[in-house]
Amino acid sequence: MRERSTKSVNTNAGLSYDTNEPVLKNEFEKYGHVINVRVICDHMSGKSKGYGFVVFDSEEAAACALASMNNQLLEGRNIRVEYAQPKGGLYQK
């Protein structure tokens with residue numbers, strides 16, 4: 001059974017392809033201390049794939065960000081925010 005990471009939220013879909021990590025951090029740090037931000041990019045083109053991850057220092061900050069930012073407008077696009085799920089692997093239970 002997979003457990004969610006309660007300190008990490010996934011901007012699962014809807015990021016503008018122009019949204020970068022400083023923009024994402026600026027928007028999400030309104031809800032608590034951000035430890036790490038990552039916008040996922042295509043390896044060949046270097047362009048955003050339209051999603052990313054934000055890691056907070058507390059579960060409360062992540063919950064507040066999720067409740068406040070889900071389905072909100074960011075750089076002209078409605079984004080979907082969820083708790084990040086552990087990446088599945090061959091040896092994961």
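User: What makes a stretch of this chain a helix or a strand, and how many of each are there?

Analyst: Helices (H or I, at least four residues) and strands (E, at least two) are DSSP runs, numbered from the N terminus. By that definition the chain has 2 helices and 6 strands, and their order along the sequence is β-α-β-β-α-β-β-β. This is a predicted model, in which local features need pLDDT of at least 70, side-chain atom pairs count only at pLDDT 80 or more, and totals for chains, interfaces and linings use all residues. Residues are numbered from 1 along each chain as its sequence is written, and side-chain values use heavy atoms, with hydrogens and water left out.

User: Why is Phe28 called buried?

Analyst: Buried means under 20% relative accessible area, exposed means over 50%, and partly exposed lies in between (1.4 Å probe, protein chains only). Phe28 has a relative accessible area of 0%, and therefore counts as buried. Phe28 belongs to helix α1. The C-alpha atom of Phe28 is separated by 6.5 Å from that of Ala65, although the two residues are 37 residues apart along the chain. In the chain, 33% of the 93 residues are buried.

User: Is Thr19 buried or exposed, and how do you know?

Analyst: The relative accessibility of Thr19 is 3%, so Thr19 counts as buried. Thr19 lies in the loop between β1 (8-13) and α1 (21-28).

User: What makes the pairing of Thr19 and Glu75 a polar contact?

Analyst: A polar contact is a pair of N or O atoms within 3.5 Å; within protein, one must be able to donate a hydrogen and the other to accept it, and residues adjacent in sequence count only if both atoms are side-chain atoms. The side chains of Thr19 and Glu75 make such a contact at 2.6 Å. Contact in general means heavy atoms within 4.5 Å. Leaving aside neighbours within four places in sequence, Thr19 is in contact with Leu24, Val39, Ser48 and Glu75.

User: Why is the pair Lys30 and Glu27 called a salt bridge?

Analyst: A salt bridge is a side-chain nitrogen of Lys or Arg within 4 Å of a carboxyl oxygen of Asp or Glu. For Lys30 and Glu27 the N to O distance is 3.2 Å, so the pair satisfies the definition. Lys30 counts as exposed because its relative accessibility is 56%.

User: How many salt bridges are there by this rule?

Analyst: The count is 2. Arg80 also forms a salt bridge, with Glu82, the closest N and O atoms being 3.4 Å apart. Arg80 counts as partly exposed because its relative accessibility is 39%, and Glu82 counts as partly exposed at 33%.
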